[in-house]
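This briefing introduces the structure shown below to a reader who has not met it before. A few lead sentences come first, followed by points grouped by topic.

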Amino acid sequence: MPICPPGSLTVDVALRVVLANAPLLEAEERAPFDAMGATLAEPVMAPHPHPPFAASIKDGYALRSIDGAGDFDVVDECRAGELPQVSLGERQAVYITTGAPLPPGADCVVQLESVELLEPAPAKRIRVRRAVSAGLEVRPPGFDIAEGSTLLRAGDVLGSAELGLLGYAGWPAVQVRRAARVAVLSTGDELLDPLAPAAHGAGLRGGCVFDSNRPALLAAVLAAGARPIDLGVARDGPAALDAALDAALGAHDADVLVCSGGVSMGDRDLVKPLLARRGATHFGKVWMKPGKPLTFATVPRATAAPGAPAGARAPLLVFGLPGNPVSAYVCFHLVVLPALRQMQGASSPGLRRVAATTVAPIQLDPERPEYHRATLVSGARGWEAHSTGGQISSRLLSCSGADALLELPPAAASLPAGTRVSALLIGDVRSGAGWRHDALPHPIDPLAADGAHAGGGGSGGFRLALVCGADAASSAAAECTSAWLTARLAPDCWQAVRLTLPAEAAADESVCAQALRPLLEGEGTCGLLLLFGATGPAGTGLAAATRALTSRAIPSLGSVLRAACLPHAPAAALLGASCDAALAGSSLLLSLPAAAAAAEAGLAALLPSLPHALAQAGAPGLLRLRSSLSLGR
Ligand code: AMP
Ligand code: MG
């Protein structure tokens, strides 16, 4: 396991250093609605119980449970917002509406649907068929919220439910932490400003690129509940950088300066020398990918007012983010965002961490821990992490639609599909890009789920079977391929069966048929049967048994599969019928070559046409399979 090299900090340590320097901002009073998104600086206690009185849960009749079943005289009405006028005597009832206080003497409510009116409404006589117990359809005082209990804690972020609770408490104003003032600066001689009106329609000049960091960082600051201050683009020169720093400290009175670019090793990378000259640099190298040159410094303020001591206010926090757009974006989320949250009063400023399962192999970096951008998709077994594609630090597209940063360890290896990894949330998964592939469009019925799994398939998943009948030369490859595909498809299977036939067995049709039949018969057969090795000499029995057991070939799928496999597995051409697709009952059988590259190419080629083919085949159990396979696209 590689260790953090001397001179670098791990991200955890870097974050601790930053948080130790991030001061809590002052509290200020705001009207509740203006405080939306801010963090509470004080707890909010319940000033009264809720409900404040015994309240009816239903529209119906309040009565005394001791009177049992039978006929009652209706002696009054009690509506929400009114105080009861009468006290109930024997066999007396009061018409009552939801939320109204129970009259003295009453201890229960019988809902309208359970009462027989003995005369037209408004009835003065009613019949209750069954005796009811005390407390029925009644919320006693304090049932929802006890007086004096904690409604909100200091450090809670105010969302719509929290504003409702403030309303419930009747608070006209609330103490929240003020928003951090965050100045954002891009540095680089090559940068054109897309936010400047002069740039509109002007297009790119030679050697230049548009500044993408500033728009992204200004927006990220805003999303953090802080107040963004746009410092524009500074050229790569000491004077321009000094001027920007002065502006952050002076005119804008910023709490934080986030600048990007100019922290690498080149002769025009002047941010680090500037910070060393004007303040204290806490770190300038972090063991992470992307974002290695991430720099953090504090710069003292000049005396704020005549007579006021220098340093009366906390120093300016300065983050020097690397210029590559992905590095800047990742560093902001890993280090700057938690600092802003802490300054603004959050009790738990770090990014939320969840477990996710990878759906495809991911190449690890041999030297540095990597923060791999991924979209989270909800599958039958929880979050699945789908990589956002090429992860080079200049490709900002990898951040678009990314809900999470997968925390990948350094290793000279590839992480297999199906690996559980930790994922730091950086997006709003409530409305994130993953909805396009979510396998859970409807709520899971917790009562039905067990039955579906135990009963075999149905809407709870499909059964996957992988059968290897390869010869000795390719059996290892077939095993690897089947393991990889199992991991990839497992989250949507209720059962995955893997079977390896020895070479003699794979050559014998009747032995193969015996092995395949239980996978295709009986309850819960709907699913996918993948066969490996039927293209090789050992798999002749497997190929023959497959042909005998299938009810309907799907030649169109077969030819797509064959064409895709061919460049990777020449044997696919020799045994024409082997790389084939067919239905057996409600199962889909696909014969694949043993080599992983060929099997992967074959399946990938099939995915676009599979939904249509399956719809035509009309195998109802395969509906679920369709959505699962489409995830791979
Ligand atoms: P630097 O960190 O200044 O060495 O820049 C590294 C790379 O990021 C270079 O290719 C820059 O052109 C690019 N870059 C720096 N700042 C920005 C920015 N604000 N927007 C887009 N690309 C940038
Ligand atoms: Mg630069």
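Helices and strands are here DSSP runs, of at least four residues for helices (H or I) and at least two for strands (E), and they are numbered from the N terminus. On that basis, Arg91 belongs to the loop between β5 (70-78) and β6. The model is predicted. Among its features are an open sheet of 6 strands, a closed barrel of 5 strands and a ligand surrounded by 15 residues.

**The open sheet**

- The strands of the open sheet follow the order β16-β13-β17-β20-β19-β18, and their pairing is mixed.
- At the edges stand β16 (227-234) and β18 (280-283), each of which pairs on one side only.
- On average, neighbouring strands of this sheet are turned by 20° against each other, direction ignored.
- Within the sheet, β17 (residues 256-260) and β20 (residues 316-321) are parallel and share 5 bridges; Val258 has Phe319 of β20 as its bridge partner.
- Helix α3 (residues 213-223) packs on the sheet and touches β13 (181-187), β16, β17 and β20. The direction of α3 makes about 165° with that of β16.
- Helix α6 (residues 325-343) lies across β13, β17 and β20, and runs at about 165° to β20.

**The closed barrel**

- The 5 strands of the barrel run β21-β24-β23-β25-β27, with mixed pairing.
- Neighbouring strands of the barrel are turned by 55° against each other on average, direction ignored.
- Strands β21 (residues 353-358) and β24 (residues 382-387) run parallel and are joined by 2 bridges; Thr358 is partnered by Ala385 of β24.
- Helix α6 also lies across β23 (370-379), β25 (404-408) and β27 (420-425), at about 75° to β23.

**Further strand pairs**

- Strand β4 (residues 60-63) pairs in the antiparallel sense with β7 (residues 108-111) over 4 bridges, and Ala62 stands opposite Val109 in β7.
- Strand β4 also pairs in the antiparallel sense with β6 (residues 92-96), over 3 bridges; here Gly60 has Ile96 of β6 as its bridge partner.

**Nonpolar cores**

- In soluble globular proteins, nonpolar side chains tend to be buried together.
- The largest nonpolar core has 44 residues, and those touching the most other members are Val182, Met288, Phe319, Leu321, Phe332, Leu334 and Leu340.
- At least two residues of this core come from each of α1 (11-20), β13, α3, β17, β20 and α6. Helix α6 gives the most, with 13 residues.
- Leaving aside neighbours within four places in sequence, Leu334 is in contact with Val11, Leu15, Met288, Leu351, Tyr371, Leu405 and Leu424.
- Apart from the largest core lies another of 22 residues, including Leu528, Leu561, Leu588 and Leu592.

**Buried positions in two helices**

- Helix α2 (residues 160-169) has Leu163, Leu166, Tyr168 and Ala169 buried. The elements that cover these residues include β2 (44-45), β11 (150-152) and β12 (174-177).
- After α2 comes Gly170, which has a positive phi near 75°.
- Ser327 is found in α6. Ser327 counts as buried because its relative accessibility is 4%, where the limit for buried is under 20%.
- Beyond its neighbours within four places in sequence, Ser327 is in contact with Pro290, Gly291, Pro322 and Ser393.

**Surroundings of ligand 1**

- Of the 15 residues around ligand 1, the closest are Glu190, Asp211, Ser212, Gly262 and Gly323.
- Two contacts involve a nitrogen atom of ligand 1: an N or O atom in the side chain of Asp211 is 2.7 Å away, and a backbone N or O atom of Ser212 lies at 3.0 Å.
- A polar backbone atom of Gly323 is 2.9 Å from an oxygen atom of ligand 1.

**Backbone details in loops**

- The peptide bond from Ala121 to Pro122 is cis, with omega near -5°; Pro122 lies in the loop between β8 (115-117) and β9 (125-128).
- Lys289 and Pro290 are also joined by a cis peptide bond, with omega about -5°. Pro290 is placed in the loop between β18 and β19 (295-299).
- Arg91 is not a glycine, yet has a positive phi of about 55°. Its relative accessibility is 27%, so Arg91 counts as partly exposed.
- Glu137, in the loop between β9 and β10 (138-139), likewise has a positive phi, near 55°.

Technical notes:
Residues are numbered from 1 along each chain as its sequence is written. Chains are lettered from A and ligands numbered from 1 in the order in which they are written. This is a predicted model: local features need pLDDT of at least 70, side-chain atom pairs count only at pLDDT 80 or more; totals for chains, interfaces and linings use all residues. Side-chain values use heavy atoms; hydrogens and water are left out. Two strands pair if DSSP finds at least two bridges between them. Axes are lines fitted to C-alpha atoms, for helices over the stretch in contact, and angles run from 0 to 180 degrees between N-to-C directions. Contact means heavy atoms within 4.5 Å. A nonpolar core is a set of buried Ala, Val, Leu, Ile, Met, Phe, Trp, Tyr and Cys residues joined through side-chain atoms within 4.5 Å. Buried means under 20% relative accessible area, exposed over 50%, partly exposed in between (1.4 Å probe, protein chains only). A residue is near a molecule or strand if one of its heavy atoms lies within 4 Å of it. A polar contact is a pair of N or O atoms within 3.5 Å; within protein, one must be able to donate a hydrogen and the other to accept it, and residues adjacent in sequence count only if both atoms are side-chain atoms.
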